[in-house]
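Student: I have a structure open and I'm a bit lost. Can you walk me through it?

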Amino acid sequence: MNSLAPQPDADTTAWRILHDEKAGVWVDHFDGHWLVQTRDARFPGYLKEMAKGVASSIYWRPRDKAASTAPEKIWGETLSERFPVLENGAKFWIDFDSGYSSGIFLDQRLNRRRVSGNSRKGQRVLNTFAYTGGFSVMAALSGATTTTSDLSKTYLNWTWDNFRINGLDPDAHYGAKGDTFDWLGALAKKGRTFHGIVLDPPTFSRSGKKTFRTGSNYADLAALAVSVLEPGGWILCCANTHRLRLDQFEKDVFEGIRRRGRSVESCESSPMPPEFHGDDYLKSLWVVVG
Ligand SMILES: C[S@@+](CC[C@H](N)C(=O)[O-])C[C@H]1O[C@@H](n2cnc3c(N)ncnc32)[C@H](O)[C@@H]1O
């Protein structure tokens with residue numbers, strides 16, 4: 001059995017506290033509230049012992065349950081409303097009852113920090129497939145003007161709540177509700193450009209008649225993105241799948257960039273947070289495009 005991962009730093013109260021691939025047990029710690037996922041349909045009782053003095057409540061959802069199923073309370077305090085957590089000093093609203101995910105994907109912590117380091121006042125950053133806008137918050141806290149795009153109005157509203165809780169004014173930023181592919185096309189037509197772009201699509205997406213698959217359509221997505229990227233700007237390209245190898249992913253991204261006559265100035269792969277050990281499903285490429 002793996003041991004509990006320590007808090008990454010004083011400015012972060014949400015992290016993957018237990019990652020046990022072999023046992024099929026994954027525990028996310030959200031400011032003292034544990035969200036447990038398991039491969040099996042049985043709750044691992046030993047977690048109650050491990051939680052003593054570390055957590056104030058345990059919620060559990062087997063992985064194969066429909067994403068919309070709310071987790072079941074197993075032990076401790078009952079959460080009747082959303083609550084904030086800290087990550088890299090930024091605040092994010094968490095809601096265990098929200099279905100799909102609870103508010104932030106903890107495996108993106110290092111990329112969110114890097115977006116913050118790569119953004120500054122006077123720059124424009126576009127966050128596509130944004131979910132609750134974690135990358136937008138980090139870019140905005142560094143002074144950038146952000147555009148946040150997602151199919152879901154609920155998630156865009158959640159993004160603005162995340163802005164407010166960080167003292168950021170949503171009215172000073174832009175929201176683009178709808179399909180990322182449509183928006184990228186529309187922004188290119190209008191001649192809009194960005195210094196940085198985040199591409200973190202789901203493995204599969206259907207919008208209207210269009211479908212997107214990470215494994216077969218990433219070059220198209222990268223090509224669309226560079227058409228709104230300033231020369232010398234960066235793109236963070238993420239692929240969340242075991243099946244796609246890093247070298248193939250890089251090939252796809254480069255193909256999309258070159259299709260538009262643009263060049264790759266540099267490309268760096270960034271790792272997942274260390275507590276997600278031994279399970280490199282999330283591939284991230286930081287590409288500077290000439
Ligand atoms: C994997 S999550 C993205 C996570 C996010 N980048 C983060 O780090 O918090 C996928 C998001 O993409 C959105 N989405 C799916 N298909 C889309 C599309 N075609 N256009 C825009 N958003 C889409 C979903 O609503 C969801 O919020």
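Tutor: Sure. One term to start: two residues are in contact if their C-beta atoms, placed from the backbone, lie within 7 Å. Also keep in mind that this is a predicted model.

Student: Okay, let's use that on α2. Which elements do the buried residues of α2 pack against?

Tutor: They pack against β6 (83-87), α3, β11, β14, β15 (264-270) and β16 (282-289).

Student: How many residues of α2 are buried?

Tutor: Seven of its ten, and α2 is mostly covered. Among the buried ones are Arg109, Arg112 and Arg114. Val115, Ser116 and Asn118 are buried too.

Student: You said α3 is a partner. How many of its residues are buried?

Tutor: Eight of eight, across residues 134-141. The list runs Gly134, Phe135, Ser136, Val137, Met138, Ala139, Ala140 and Leu141.

Student: And what do those pack against?

Tutor: Several elements. There are the strands β7 (90-94), β8 (124-127), β9 and β11 (194-199). There are also the helices α2 (109-118) and α4 (153-165).

Student: What follows α3?

Tutor: Glycine 143 does, and its phi is positive, near 105°.

Student: Let me zoom out. How many helices and strands are there in the protein chain?

Tutor: Seven helices and 16 strands.

Student: What is the radius of gyration, and what would a compact globule have?

Tutor: The protein chain has 19 Å. With 290 residues, a compact globule would come out near 19 Å, so the two agree. The C-alpha atoms fill a box of roughly 60 × 40 × 35 Å along the principal axes.

Student: What share of the residues is buried?

Tutor: Buried residues make up 41% of the 290.

Student: And what about contacts between residues far apart in sequence?

Tutor: Take the contacts with a separation of 6 or more. Residues 24 or more positions apart account for 59% of them.

Student: New topic. How is the chain divided into domains?

Tutor: Into domain 1 (14-80) and domain 2 (106-289). Their centres, taken over C-alpha atoms, are separated by 29 Å.

Student: How many residues are in contact between them?

Tutor: Six residues of domain 1 are in contact with seven of domain 2. On the domain 1 side, strand β1 (residues 14-20) gives the largest share, four residues. By class, that side has two nonpolar, one polar and three charged residues.

Student: What about the largest nonpolar core? Which residues touch the most other members?

Tutor: Leu199, Ala225, Ile235 and Cys237, out of 71 residues in that core. Strand β14 (residues 229-240) supplies the largest share, seven residues.

Student: Where does this core lie, and why?

Tutor: Domain 1 and domain 2 both give residues to it, so the core lies between them. As a general point, nonpolar side chains tend to be buried together in soluble globular proteins.

Student: Pick one core residue. What does cysteine 237 touch?

Tutor: Leaving out residues up to four places away in sequence, cysteine 237 touches Leu199, Ala222, Val253, Leu285 and Val287.

Student: Last thing: the ligand. Which residues are closest?

Tutor: Phe129, Tyr131, Thr180, Asp200 and Ser205, from 18 residues that surround the ligand.

Student: Which strands supply at least two residues of that shell?

Tutor: β9 (145-150) and β12 (204-207) each do.

Student: And how do the shell residues divide by class?

Tutor: Seven are nonpolar, eight polar and three charged.

Definitions and conventions: Residues are numbered from 1 along each chain as its sequence is written. This is a predicted model: local features need pLDDT of at least 70, side-chain atom pairs count only at pLDDT 80 or more; totals for chains, interfaces and linings use all residues. A residue is near a molecule or strand if its C-beta atom, placed from the backbone, lies within 6 Å of it. Ala, Val, Leu, Ile, Met, Phe, Trp, Tyr, Cys and Pro count as nonpolar, Asp, Glu, Lys and Arg as charged, and the others, Gly among them, as polar. A residue is buried if 20 or more other C-beta atoms lie within 10 Å of its own, exposed if 12 or fewer, and partly exposed in between; C-beta atoms are placed from the backbone. The radius of gyration is taken over C-alpha atoms; the globule rule is 2.2 Å times the number of residues to the power 0.38. Domain bounds come from an automatic or database domain assignment. A nonpolar core is a set of buried Ala, Val, Leu, Ile, Met, Phe, Trp, Tyr and Cys residues joined through C-beta atoms within 7 Å.
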